[in-house]
Amino acid sequence: MSHRVYVYNVSTPSEAQDTDRMMLEWGYEMPLLLQPLLVDGGFVAGNNYNNHTEPDNAGLYYNAQPGIENLKRFYDFLEKQEMLITNKEAFVEAKNNLFTYLDKLKLPYFHLDAWDVFNMDDTPHAEQAEVWLANIAHNNEIIKKAMENDDISLLNDSDLMDVSPGFASFAELLNYENYQYGWGHIWQPYEEEPEVEIYEENGLWGLKDKDGKVLLHPQFDEFYGFGPEDLAVVSQGGKFGYVHKSGRIAIPLVWEDAYDFEYGTTSSIVKRNGQFGLIDPNGNTVVPAQYEALESLDYSGHFTAKKDGNWGVVDQSGSIAINFEYDEAFENGHGFYHTAVKGRKNKKIFNDHFVYIGEFPLSAVESIGEGFSS
């Protein structure tokens, strides 16, 4: 899984609002074709969402309306260039889709959140954000000169900063089929016809099927969304359990807290007497509630756990993958795992089989097939 970059249309920098809208989720970079959106009033401030790792909390903000107008000028400029666009019909469709989408954005700021990418480097996030700010401004200056001179040759790929090295020219990047002339970068929420409806009545939550038939009368204080195994967490009177989509109580409400079953796992985290353990989809105890903390680590059924003040890793059957002898929780490095070393920037690195590799900065670790380089 690649490290992600997010772009939002937001109303208030550093303060999340219900009206905020996610526009883009992309791997490693801010896509060049949409960088003209980030052209006016750029500044660095705290992220709206990835803001839980102070002081490493820095994102970019730009004025939205001038950016929208600038991107429209850019696409009009591209459309006029002879021999540049290989599929004119697809380009016009993408351009129209983009313009219609952008015209519906009403909030004043674009927010670029590269927290996940910044975590790959030990440089403070604020410093990395300033570099991104400068590089995006540099690219937009090149784009501006090309538009002002009506000369696509000025948009030289070799002069641009932080552009995917997989393309030999701007024309090749522009016409890359998977990018859909920029429209492919826009995040589209997956929607399907719901099989059931969670509904509220007099402050309590129940369940109906898609035809409106009541499966469970309103009785729950909280009713979360359905996930794997067609189970949803519900609560009543401070106790938690699970409901199946069919409307039956699949796991009784006996827990102090309960978490979703994650995709790729067959166990879920539950809490009893202040301790955490694991249960299977039938409610059977897989791991007794014996840990001070328990967090999902990956999609393969591994959990980072805390016992007697120390952290380790267990699998979904309760077997210990890494002994409980570390000061900090483990994290997934996408192909490897790591835990912090107090007082040092380096991390203790384990491969995907939980074999200890050594102590390195995250920026020095790279997965290469079955092994690692550092």
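Start by selecting residues 222-223, which are β9, together with residues 231-236, which are β10. In this predicted model, the two strands run antiparallel and pair over 2 bridges. For a landmark, pick phenylalanine 223 and look across to β10: its bridge partner there is valine 234.

Now widen the selection to take in β11 and β12. What you have on screen is an open sheet of 4 strands in the order β9-β10-β11-β12, with antiparallel pairing. β9 and β12 are the edge strands, each pairing on one side only.

Stay in this sheet and go to its β12 end. Select residues 239-244 for β11 and residues 249-255 for β12; 3 bridges join these antiparallel strands. Show the side chains of phenylalanine 240 and tryptophan 255, since these two are bridge partners, with the tryptophan sitting in β12. While you are looking at sheet faces, one rule helps: in a regular strand, side chains alternate between the two faces of the sheet.

Then follow the chain round the turn. β11 and β12 make a hairpin with 4 residues between the strands, and glycine 247 in this hairpin has a positive phi near 105 degrees.

Next stop: β6, β7 and β8. Select residues 196-201 for β6 and 214-220 for β8, which are the edge strands, each pairing on one side only. Add β7 and you have an open sheet of 3 strands, ordered β6-β7-β8 and paired antiparallel. Try tilting the view to see the twist: ignoring direction, neighbouring strands here are turned by 20 degrees against each other on average.

Zoom in on β7, residues 204-209, which is joined to β8 by 3 bridges, the two strands running antiparallel. Two pairs are handy for finding your way along them. Tryptophan 205 stands opposite phenylalanine 220 of β8, and lysine 208 faces valine 214, also in β8. How many residues lie between the strands in the hairpin of β7 and β8? There are 4, and glycine 212 in that hairpin takes a positive phi near 95 degrees.

For one more hairpin, jump to residues 347-351 and 356-360. These are β23 and β24, an antiparallel pair held over 4 bridges. Click on isoleucine 349 and you'll find glycine 358 of β24 opposite. Once again there are 4 residues between the strands, but have a look at which residue has the positive phi: phenylalanine 354, in the turn, at about 65 degrees.

Time for some helices. Hide the strands and select residues 64-80 for α1 and 125-148 for α4. Their axes come within 10 Å and cross at roughly 50 degrees. Why are they called oblique rather than parallel or perpendicular? Angles under 35 degrees count as roughly parallel and 65 to 115 as roughly perpendicular, so α1 and α4 are oblique to each other. The crossing is left-handed.

Keep both helices on and turn on a surface. α1 and α4 each supply at least two residues to the lining of the second largest pocket, which holds about 280 Å³ of space. To find the pocket, select Val39, Asn70, Asn140, Lys144 and Met147: out of 17 lining residues, these lie nearest its centre. α4 makes the largest contribution to the lining, with 8 residues. Colour the lining by class and you get 8 nonpolar, 3 polar and 6 charged residues.

For the last stop, look for enclosed space. Rolling a probe the size of a water molecule over the atoms shows where empty space is left. How many cavities of 30 Å³ or more does the structure hold? The count is 1, and the largest cavity has a volume of about 60 Å³.

To see what surrounds this cavity, select these lining residues in three goes:

- Glu29, Met30, Pro31, Leu32 and Leu33 are among the lining residues.
- Asp162, Val163 and Ser164 also belong to the lining.
- Leu173, Tyr179 and His185 line the cavity as well.

Colour this selection by class too: the lining divides into 7 nonpolar, 2 polar and 2 charged residues.

Technical notes:
Residues numbered from 1 in each chain as written. Predicted model: local features only at pLDDT ≥ 70, side-chain atom pairs only at ≥ 80, totals over all residues. Heavy atoms only, no water. Pairing = 2+ DSSP bridges. Axes fitted to C-alpha atoms, helices over the stretch in contact; angles between N-to-C directions. 1 Å grid on protein atoms, 1.4 Å probe; cavity = no way out; pocket = protein on both sides within 12 Å on 5 of 7 lines; lining within 4 Å. Points joined across faces, edges and corners; volume = space filled by probe spheres on them. Nonpolar A, V, L, I, M, F, W, Y, C, P; charged D, E, K, R; others polar. Parallel < 35°, antiparallel > 145°, perpendicular 65-115°, else oblique. Left-handed = near helix turned anticlockwise from the far one by under 90°.
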